[in-house]
Amino acid sequence: MSGSVTLGIYEKALVHMDDWGRMLRQVRQAGFAFMDLSVDESPERMSRLDWDTRQRREFANAATDEGVQIGGMCLSCHRKVGPGSADASTRAQAVDIFHKAIDLCFDTHIPVIQVAGYYAYYEQPDSGQRERYVHSLANAAQYAAQAGVMLGIENVDGNDVTSITKGLSICDEIHSAWLTMYPDIGNLAEQRLNTVQELRAASGRMLAIHVKDVLPGKPRRIPMGTGTADFPAAFEELARQNWSGRMMLEMWNDDSPDSIQVCASSREKVQHWLSDANIEVVQRQ
């Protein structure tokens, strides 16, 4: 085989439940090995950064009891609180979010944080945004190194870190062993970039990979296999690199009662493409 992957699912693809045991049970029911936790812009999910010791222990224990790995944290709340903001207090809050997220990962045994490549999403662009973003991220990388938590930059929609090559440039500037790329294949397609060339540029520097389908101008909620993402070509390139790692299906449930079935069907499609590329899917216990 040309590499091997472990498949996981995004928290938002599952039916939301207040009980973590029941919530995580869906991961196995849909045939996945791990789930990525979401810390997005909503007050509810941002409040997870302030979980007390009991809440952290309950979450970690639920994952262990259900036999589900927590593969990573999707720290997308930085779209709201920009690390590259022109406002110093906002940047300070963004750095504080990084530190809290790293502490939460340390306490709950989450190995990876997906860092959103948004400089200051809701602000007007200015010439200093990227430099300020890099400065904030460098601080986070130093803190992550002390905790032993990996950071991976996700190429995003919009106008900031829209490609793997842009993300690699930032990684080169910060030059930390604890910071690398967490590519999103769908976002490459949404930006109409050459997926194979982008993945090839990141050879040896991809911590994990997001898989989702897209359409031009629509980076979310496109059913797997109905959009423009060229997964066969992407997986053939990964096979050429002999890439192995975690691959997370990024999907959204939106309160759909058949979410487990939709997730399982999407997983089967991805497994088929991986099999065609001669990449093995490993179900770790």
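These legends go with close-up views of a predicted model.

**View 1. The largest pocket and what sits around its centre.** Start with the open space here: it comes to about 440 Å³. In total, 28 residues line this pocket, and Tyr10, Lys12, Asp40, Arg220 and Trp252 are the ones nearest its centre. Strands S4 (112-116) and S9 (218-222) are the elements that give two or more residues to this lining. Sort the lining by class and you get 15 charged residues, eight nonpolar and five polar.

**View 2. The second largest pocket, with help from helix H10.** This one holds about 290 Å³ of space. Its lining has 21 residues, and Ile222, Pro223, Met251, Trp252 and Val262 come closest to the centre. Both S9 and H10 (259-276) put in at least two residues, with H10 giving the largest share, six residues. By class, this lining counts nine nonpolar, seven charged and five polar residues.

**View 3. Helix H10 from end to end.** Follow H10 along its 18 residues and you cover 26 Å from the first C-alpha to the last, close to the 26 Å expected at 1.5 Å a residue. Just after the helix comes Asn278, with a positive phi near 70°.

**View 4. The buried residues of H10 and their cover.** Tucked away in this helix are Ser259, Cys263, Ala264, Ser266, Arg267, Val270, Trp273 and Leu274, which are buried. An α-helix has 3.6 residues a turn, so residues three or four places apart point the same way. The cover over the buried residues of H10 includes strands S1 (4-10), S7 (208-211), S10 (245-249) and S11 (280-281), along with helices H1 (20-29) and H9 (231-241).

Technical notes: Residues numbered from 1 in each chain as written. Predicted model: local features only at pLDDT ≥ 70, side-chain atom pairs only at ≥ 80, totals over all residues. Heavy atoms only, no water. 1 Å grid on protein atoms, 1.4 Å probe; cavity = no way out; pocket = protein on both sides within 12 Å on 5 of 7 lines; lining within 4 Å. Points joined across faces, edges and corners; volume = space filled by probe spheres on them. Helix = DSSP H or I, 4+ residues; strand = E, 2+ residues; numbered from the N terminus. Nonpolar A, V, L, I, M, F, W, Y, C, P; charged D, E, K, R; others polar. Expected span 1.5 Å × (residues − 1). Buried < 20%, exposed > 50% of the residue type's maximum accessible area, 1.4 Å probe, protein only. Contact = heavy atoms within 4.5 Å.
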